[in-house]
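Let's take a walk through this model together, strand by strand and then into the interior. Keep the viewer open as you read.

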Amino acid sequence: FGSSYLGSRLTRPFSRTRQIQASVMGKPGQAKQVFRTYGCKTRAGKKVKTAEKRTKPVAPKLKKGLTPGTVLILLAGRFRGSRVVFLKQLDSGLLLATGPYSVNGVPLRRVNQRYCIATSTKVDVGSADVASVNDAFFAKEAAKKKGKKDAEGMFAAEAAKAGPSEERKACQKKVDEAISKGLAADVKQYLKTRFALSSKMYPHELKF
């Protein structure tokens, strides 16, 4: 064939069928476009659960041997290595524990059971009333938004940090008194001692 025939073949527009195929298939190497819907219904008409209808997360089960009064060893956080007394499990699944504060300085805290070791030591916590302590007990007050600072206020001293409320202090004192009165001298010394590993000590060989 001559060059005129090849030129006419290259410049001739696509037929309607070829145009439809090109629009569906796309260009060579182009990924097929996928349309997604983000509404309450999908293409198949199946309803998607909204945030309001979703069930609340269930609190995880406690570890074997973890009962109120068990002495725990904290493995993370500010008081890692400290020994605390387990009181109860909160609705969020976290554990409520205390030092007590009057013994080793650890206040009422929420701890994750993944980051603690349950020991075989038990303490009597029957007289400690912690029914009013829940997750809202540890909620922090929302900080107030600061306005625009002028030239004088730019170097003003920062406000003092808010400490624990009077309600929290009273609850801590009440729980400490209920637990501390039943502790023997050797148990108090045990709670004061921080846990640490020395040379040739292997955690998997220790019996807590």
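Which residue in β4 is the bridge partner of A97? The partner is R109. Before going further, please bear in mind that you are looking at a predicted model.

That bridge belongs to the pairing of β3 with strand β4, residues 109–111, where three bridges join the two strands in an antiparallel arrangement. On the β2 side, β3 also pairs in the antiparallel sense, this time over four bridges. Here A97 of β3 has F86 standing opposite. The hairpin formed by β2 and β3 has five residues between the strands, and G93 takes a positive phi near 100° there.

Now turn to the two faces of strand β3, which spans residues 95–98. L95 and A97 lie on one side, L96 and T98 lie on the other, and all of these residues are buried, leaving both faces covered.

From here we can step into the nonpolar interior. The largest nonpolar core has 20 residues, and L96 is among those with the most contacts inside it, together with L87, L108, V123, V133, F138 and I179. Two elements, β2 and α4 (166–180), give two or more residues to this core. Of these, α4 gives the most, with four residues.

F138 deserves a closer look. Leaving aside residues up to four places away in sequence, F138 touches L90, L96, L108, R109, R110, V133 and R168. R109 on that list is the bridge partner of A97 that we met at the start.

There is also a second, separate core, made of eleven residues, and its members include L72, F79, V106 and C116.

What about aromatic rings? A search of the whole structure finds two aromatic pairs. One of them is formed by F137 and F138: the ring centres are 5.2 Å apart and the planes stand at 85°, so the pair is edge-to-face. Both F137 and F138 are buried.

Our last stop is S82, in the loop between β1 (70–74) and β2 (83–89). Is S82 buried or exposed? Its relative accessible area is 6%, and the cut-off for buried is under 20%, so S82 counts as buried. The side chain of S82 is joined to that of R194 by a polar contact of 3.1 Å. Residues up to four places away in sequence aside, S82 touches L72, I73, L74, V106 and R194. Two of these, L72 and V106, are included in the second core.

Note on methods: Residues are numbered from 1 along each chain as its sequence is written. This is a predicted model: local features need pLDDT of at least 70, side-chain atom pairs count only at pLDDT 80 or more; totals for chains, interfaces and linings use all residues. Side-chain values use heavy atoms; hydrogens and water are left out. Buried means under 20% relative accessible area, exposed over 50%, partly exposed in between (1.4 Å probe, protein chains only). A polar contact is a pair of N or O atoms within 3.5 Å; within protein, one must be able to donate a hydrogen and the other to accept it, and residues adjacent in sequence count only if both atoms are side-chain atoms. Contact means heavy atoms within 4.5 Å. Two strands pair if DSSP finds at least two bridges between them. A nonpolar core is a set of buried Ala, Val, Leu, Ile, Met, Phe, Trp, Tyr and Cys residues joined through side-chain atoms within 4.5 Å. Rings of Phe, Tyr and Trp (its six-membered ring) pair if their centres lie within 6.5 Å; planes under 30 degrees apart count as stacked, over 60 as edge-to-face and the rest as tilted.
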